[in-house]
Amino acid sequence: MKYFRLLFLFSLCCLATAAHAQINVSVSIKQRFHLLYEPVIATVNVTNQTGREITLSDSPQYQWFGFRILAEGDRMIPLRNNNYHLAPITMKPGETVKRSVNLNQLYDMGESGQFRIQASIYFDGLDKFFSSRPTFIDVSEGHILWRKTAGVPEGQPGAGSMRTFTLLSHQVGETNTLYARVEDQADSMVYCTFPIGRLLDNVPVQAEFDSSNNLYILHLIGMRAYVLTKVSPSGEFGGQVNYSAPKTRPTLRKVADGSLQIIGGKREGSIAQMETPVEPPKLSARPPGFPKE
């Protein structure tokens with residue numbers, strides 16, 4: 001009888017251990033307020049607290065890594081591709097792994113409003129989902145400052161199609177920020193939406209295309225300090241260069257051969273890499289194609 005009582009107590013302990021075995025999941029998004037179509041980078045931490053080595057992998061029914069995103073009114077935001085797969089990972093006891101993803105690439109978040117976001121991890125070994133606490137973001141359309149459409153030149157990807165370039169202002173915390181967007185409105189394709197830098201009130205932005213329809217944006221960022229930014233028709237960030245103008249406001253001007261010139265400004269070199277939620281661009285001392293003073 002004593003043997004069976006000990007066996008019963010041991011079984012209860014095993015059940016209690018299994019009941020408390022878990023995977024801890026947390027999600028963080030650095031920025032609360034986003035511009036529409038701007039990358040929304042969610043960083044997920046997964047900690048193995050099961051007390052044993054586990055492998056997280058897709059099952060025939062479920063993907064092991066995903067999110068639950070609700071728009072206003074508790075409306076579920078759908079995946080762009082229901083058949084996406086992520087390689088399995090093996091985790092040692094107590095190990096934590098981190099994954100960062102752009103939610104705009106995985107989910108159809110092409111609308112403004114507030115979103116409630118939870119990361120969800122499925123463990124086939126327990127046939128159970130483990131979810132994070134929710135985090136919230138707000139997405140707005142921003143304010144259009146400038147918009148023009150230009151064609152993609154021959155020799156470039158998408159040659160012959162049209163691209164719409166838009167400059168927008170968006171309040172990020174206490175800072176008004178200038179954004180650039182490139183899209184093909186005919187195909188409803190957005191190639192990029194990213195911040196360019198601080199935008200000072202009541203100071204107009206200058207924008208001009210070169211002969212290859214790269215867009216150059218010149219705007220004031222501080223006391224007599226300007227920055228020139230290049231954006232390609234494919235939505236690639238082409239670099240930034242600082243200019244100073246101690247006497248007069250510099251002017252971005254297109255000359256007869258299609259090239260651009262900066263009148264009234266002195267080049268100071270490339271600026272520090274700007275913070276973006278995507279892989280940061282590399283800046284050179286003078287990116288190719290930048291106009292001369």
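Strands here are DSSP runs of at least two residues, numbered from the N terminus. With that naming in hand, the loop that holds Met 223 is easy to place: it sits between β17 (215–222) and β18 (225–231). The structure is a predicted model, so everything below describes that model. Met 223 is out in the open, because its relative accessible area is 72% and anything over 50% counts as exposed. The C-alpha atoms of Met 223 and Pro 246 are separated by 9.0 Å, with the two residues 23 apart along the chain.

Now for the inside. In soluble globular proteins, nonpolar side chains tend to be buried together. The largest nonpolar core in this model has 32 residues, and the ones that touch the most other members are Leu 56, Phe 67, Ile 69, Leu 103 and Phe 115. Quite a few strands chip in with two or more residues, including β1 (22–28), β3 (41–49), β5 (65–71) and β8 (96–102). The top contributor is β9, which gives 5 residues. Leu 56 shows what life in this core looks like: once its neighbours within four places in sequence are set aside, its contacts are Ile 23, Val 46, Trp 64, Pro 88, Ile 89, Met 91, Ile 121, Tyr 122 and Phe 123. Apart from this core lies another one, made of 17 residues, with Ala 180, Val 182, Ile 217 and Val 231 among them.

Aromatic rings come next. A search of the whole structure turns up 9 aromatic pairs. In one of them, Tyr 62 and Phe 129 meet edge-to-face, with 4.9 Å from centre to centre and 80° between the planes. Tyr 62 belongs to the loop between β4 and β5, while Phe 129 belongs to strand β10 (residues 128–131), so the pair ties together parts of the chain that are 67 residues apart in sequence. Neither ring is hidden away: Tyr 62 is partly exposed, at 37% relative accessible area, and Phe 129 is partly exposed too, at 38%.

Phe 194 and Phe 237 make another pair, and since their planes stand at 85°, with the ring centres 5.6 Å apart, this one is edge-to-face as well. Here again distant parts of the chain are linked, with Phe 194 in strand β15 (residues 189–198) and Phe 237 in strand β19 (residues 237–244), 43 residues apart. This time both partners are tucked away: Phe 194 is buried, with a relative accessible area of 9%, and Phe 237 is buried at 17%. Elsewhere, ring pairs join Trp 64, Phe 65, Phe 67 and Tyr 107 into a cluster. A ring can also have a charge for company, as with Phe 33, where the charged end of Arg 32 sits over the ring, 5.9 Å from its centre.

Turning to the sheets, three strands form an open one in the order β1-β3-β8, with antiparallel pairing. The edges are β1 and β8, each with a single partner strand, so one side of each has no neighbour in the sheet. From one strand to the next, the twist averages 20°. Between β1 and β3 there are 7 bridges, in the antiparallel sense. One residue to look for there is Ile 23, whose bridge partner in β3 is Asn 48. Ile 23 has already come up as a contact of Leu 56.

Further along the chain, β14 (residues 175–184) is a good strand to follow. Most of it is covered, with 9 of its 10 residues buried. On one hand, β14 runs antiparallel to strand β13 (residues 162–172), and 9 bridges join the two; Thr 166, for example, has Arg 181 in β14 as its bridge partner. These two strands form a hairpin with 2 residues between them, and Gly 173 in the turn has a positive phi of about 65°. On the other hand, β14 pairs with β15 over 8 bridges, again in the antiparallel sense, and the bridge partner of Leu 178 in β15 is Gly 197. That makes another hairpin, with 4 residues between the strands and a positive phi of about 55° at Ser 188 in the turn.

Asn 176 is found in β14. Asn 176 is buried, because its relative accessible area of 17% is under the 20% cut-off. Leaving out neighbours within four places in sequence, Asn 176 is in contact with Ser 169, His 170, Gln 171, Gly 197, Arg 198, Leu 199 and Asp 201.

Terms used. Residues numbered from 1 in each chain as written. Predicted model: local features only at pLDDT ≥ 70, side-chain atom pairs only at ≥ 80, totals over all residues. Heavy atoms only, no water. Core = buried A, V, L, I, M, F, W, Y, C linked by side-chain atoms within 4.5 Å. Buried < 20%, exposed > 50% of the residue type's maximum accessible area, 1.4 Å probe, protein only. Contact = heavy atoms within 4.5 Å. Phe/Tyr/Trp six-rings, centres within 6.5 Å; stacked < 30°, edge-to-face > 60°. Lys NZ or Arg CZ within 6 Å of the ring centre and 35° of its normal. Pairing = 2+ DSSP bridges. Axes fitted to C-alpha atoms, helices over the stretch in contact; angles between N-to-C directions.
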